[in-house]
Amino acid sequence: MSDVVIEREFKQAPDIVFAFLTQVENLLKWWGPEGITVPSHDLSLGEIGPWFSEMKGSKGEIFKVSGDVKSVVPPEYIEFTWAWHDDNDARGHESHVRFEVTPSPNGGSTFKVIHTNLADDESAKNHMGGWTSSINRLENALG
């Protein structure tokens with residue numbers, strides 16, 4: 001199994017960054033790689049329970065992903081499961097995501113995405129690209 005770990009520094013305090021990870025109106029500003037829209041979703045990542053999102057690509061293709069939020073400890077971390085759906089809406093291999101937010105010495109935050117139990121190295125490579133692009137969008141949304 002392969003894992004992805006990405007870390008990024010933000011100038012905003014942890015509570016502000018955490019709000020962009022858990023509040024739906026903020027999540028929709030950055031959720032998904034660049035060029036993706038989210039026409040359908042239940043992105044309640046701030047509370048324990050199920051979530052899903054359908055991401056729409058630039059050519060109209062739909063990518064559905066879902067899981068369960070397992071743990072929320074504001075403003076420190078969120079843990080949730082993650083599985084892509086196939087064309088018949090069946091969930092595939094389930095992996096695990098953890099968003100961590102810690103204070104940085106400059107008054108800002110260190111944000112870390114830890115995506116574990118991915119199916120293989122190719123999946124890890126694809127998720128590395130997707131998360132990196134999404135975090136770029138998060139950085140822009142934070143301002």
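How do the residues of the lining of the largest pocket divide into nonpolar, polar and charged? Nine are nonpolar, five are polar and none is charged. Keep in mind that this is a predicted model.

**The pocket**

The pocket in question, the largest one, has a volume of about 200 Å³. It is lined by 14 residues, and those closest to its centre are Pro33, Met55, Trp82, Trp84 and Gly130. As for where the lining comes from, two elements each give it at least two residues: strand E5 (77-84) and helix H3 (121-142). H3 supplies the largest share, with five residues. The general idea behind a search like this is simple: rolling a probe the size of a water molecule over the atoms shows where empty space is left.

**Salt bridges**

Charged residues may be missing from that lining, but the structure does hold six salt bridges. As a reminder, side chains of opposite charge can pair when their charged atoms come close. Here are three of the pairs, with their N to O distances:

| Pair | Distance (N to O) |
|---|---|
| Lys112 and Glu7 | 3.5 Å |
| Arg8 and Glu139 | 2.9 Å |
| Asp89 and Lys64 | 3.3 Å |

Take Lys112 and Glu7, whose side chains meet in a salt bridge. Lys112 sits in strand E7 (residues 109-118) and Glu7 in strand E1 (residues 2-10), so this pair ties together parts that are 105 residues apart in sequence. Both partners are partly exposed: Lys112 has a relative accessible area of 23%, and Glu7 has one of 49%.

Next come Arg8 and Glu139, whose side chains meet at 2.9 Å. This pair links distant parts of the chain, with Arg8 in strand E1 and Glu139 in helix H3, 131 residues apart. H3 is also the helix that gives the pocket lining its largest share. Are Arg8 and Glu139 buried or exposed? Arg8 counts as buried, because its relative accessibility is 17% and the cut-off for buried is under 20%. Glu139, at 35% relative accessibility, counts as partly exposed.

The third pair is Asp89 with Lys64. Asp89 lies in the loop between E5 and strand E6 (95-103), while Lys64 belongs to strand E4 (residues 62-73), so the salt bridge ties together parts 25 residues apart in sequence. Asp89 is partly exposed, with a relative accessible area of 43%. Elsewhere, salt bridges with shared partners join Glu79, Arg98 and Glu100 into one network.

**Strand E7 and its neighbours**

Now back to E7, the strand that carries Lys112. Why is E7 described as largely enclosed by the rest of the structure? Because seven of its 10 residues are buried.

Which strands pair with E7? One is E1, which pairs with E7 in the antiparallel sense over eight bridges. Within that pairing, Phe10 has Ser109 of E7 as its bridge partner. E1 and E7 are also the strands that hold Glu7 and Lys112, whose side chains meet in the salt bridge at 3.5 Å.

The other is E6, which runs antiparallel to E7 and is joined to it by eight bridges. Here Phe99 has Val113 of E7 as its bridge partner. E6 and E7 form a hairpin with five residues between them. In the turn, Gly107 has a positive phi of about 95°.

Definitions and conventions. Residues are numbered from 1 along each chain as its sequence is written. This is a predicted model: local features need pLDDT of at least 70, side-chain atom pairs count only at pLDDT 80 or more; totals for chains, interfaces and linings use all residues. Side-chain values use heavy atoms; hydrogens and water are left out. On a 1 Å grid over the protein atoms alone, a cavity is a set of points where a 1.4 Å probe fits but cannot get out, and a pocket is an open set with protein on both sides within 12 Å along at least five of seven lines; lining residues have an atom within 4 Å of a point. Grid points are joined across faces, edges and corners, and a volume is the space filled by probe spheres set on the points. Helices (H or I, at least four residues) and strands (E, at least two) are DSSP runs, numbered from the N terminus. Ala, Val, Leu, Ile, Met, Phe, Trp, Tyr, Cys and Pro count as nonpolar, Asp, Glu, Lys and Arg as charged, and the others, Gly among them, as polar. A salt bridge is a side-chain nitrogen of Lys or Arg within 4 Å of a carboxyl oxygen of Asp or Glu. Buried means under 20% relative accessible area, exposed over 50%, partly exposed in between (1.4 Å probe, protein chains only). Two strands pair if DSSP finds at least two bridges between them.
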